[in-house]
Amino acid sequence: MCLKDRNVPMYLIRILAVWYSKQEYCVRWGNVYSNTFYVIIGVRQGGILSPTLFNVYMDGLSLQLRELYAGCAIGNLICNHLMYADDLVLFAPSARGLQSLIDVCVSYGEQYDIVYNAKKSNVMTVKSVPERNLMYNDFKLGQKVLSSVANVKYLGHVLDENLNDKSDIERQRRYLHILREMC
């Protein structure tokens with residue numbers, strides 16, 4: 001549907017439909033391979049078209065989130081989300097605004113058969129010093145309560161609730177030191 005709405009020729013849509021309906025996979029763990037199985041939803045991990053297809057599929061969500069006008073102001077720009085591959089980050093200066101953004105994601109997911117994993121979804125609250133003792137209501141992804149965390153890893157980088165990345169920089173420094181020792 002998303003490709004058709006963008007006037008992609010039907011013959012290309014049919015080719016993609018056949019191609020993606022015959023995805024056969026196996027799991028490798030060390031040198032051991034599982035039996036093969038078919039996957040009928042999602043895009044191929046590492047596939048050259050996968051980022052583009054994902055972006056087309058999720059562009060509608062991005063538009064809906066932007067139309068909400070809930071988010072962090074950067075000059076005249078309202079920023080309320082970042083998306084990369086299957087990672088999505090929502091930003092809001094208020095609890096109500098954040099819950100509204102989450103609700104838009106849930107609604108879009110129901111409409112387009114997207115299942116969000118509440119166990120892999122977290123909320124990190126950045127508070128000013130006077131707000132440190134304030135408590136917020138739970139944030140819900142549909143009917144599931146999201147966990148609150150003190151730090152979050154996004155695209156391999158860790159930030160904490162004080163917007164500090166010193167511990168992540170130290171983690172990376174230790175990793176580079178270990179690599180240097182191995183060489």
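Q: In which helix do D168 and R171 lie, and how many residues apart are they?
A: In this predicted model, D168 and R171 both belong to helix α5, which covers residues 166-182, and they are 3 residues apart, about one turn of the helix.

Q: What makes the contact between D168 and R171 a salt bridge?
A: The N to O distance between the side chains of D168 and R171 is 2.5 Å, and a salt bridge requires a side-chain nitrogen of Lys or Arg within 4 Å of a carboxyl oxygen of Asp or Glu; the pair therefore meets the criterion.

Q: Why is D168 called buried or exposed, and how is R171 classed?
A: D168 has a relative accessibility of 2%, and since buried means under 20%, D168 counts as buried. R171 has a relative accessible area of 30%, which falls between the limits of 20% and 50%, so R171 is partly exposed.

Q: How do you know that R173 and E170 form a salt bridge, and where do they lie?
A: The closest N and O atoms of R173 and E170 are 2.5 Å apart, and because the cut-off is 4 Å, the pair qualifies as a salt bridge. Both residues lie in helix α5, 3 residues apart, about one turn of the helix. E170 and R173 are also linked with R174 in a network of salt bridges.

Q: Why are R173 and E170 both called partly exposed?
A: The relative accessibility of R173 is 48% and the relative accessible area of E170 is 29%; partly exposed is the class between under 20% and over 50%, so both residues belong to it.

Q: What makes R6 and D59 a salt bridge, and which parts of the chain does the pair link?
A: The closest N and O atoms of R6 and D59 are 2.8 Å apart, and because the criterion is within 4 Å, the pair counts as one of the 4 salt bridges found in the whole structure. The pair links distant parts of the chain, 53 residues apart, with R6 in the loop between α1 (2-5) and α2 (10-21) and D59 in helix α3 (residues 50-67). R6, at 42% relative accessible area, is partly exposed, and D59, at 27%, is partly exposed as well.

Q: Why is N7 called exposed, and what is stated about its phi?
A: N7 has a relative accessibility of 68%, and since exposed means over 50%, N7 counts as exposed. N7 lies in the loop between α1 and α2, and its phi is positive, about 60°, although N7 is not a glycine.

Q: Why are D113 and K120 classed as exposed, and where are they found?
A: The relative accessible area is 70% for D113 and 69% for K120, and because the limit for exposed is over 50%, both residues meet it. D113 lies in the loop between α4 and β9, where K120 is also found. D113 has a positive phi of about 55° although it is not a glycine.

Q: Which residues form the nonpolar patch on the surface, and how is Y175 classed?
A: Y175, L176, I178, L179 and M182 form the patch, with about 540 Å² of accessible area together. Y175 lies in helix α5, and its relative accessibility of 48% is over the 30% that patch members need, while Y175 still counts as partly exposed.

How values were computed. Residues numbered from 1 in each chain as written. Predicted model: local features only at pLDDT ≥ 70, side-chain atom pairs only at ≥ 80, totals over all residues. Heavy atoms only, no water. Helix = DSSP H or I, 4+ residues; strand = E, 2+ residues; numbered from the N terminus. Buried < 20%, exposed > 50% of the residue type's maximum accessible area, 1.4 Å probe, protein only. Patch = residues over 30% accessible without salt bridge, like charges linked within 9 Å, V, L, I, M, F, W, Y side chains within 5 Å. Areas by Shrake-Rupley, 256 points an atom, 1.4 Å probe, with all protein chains shown as cover.
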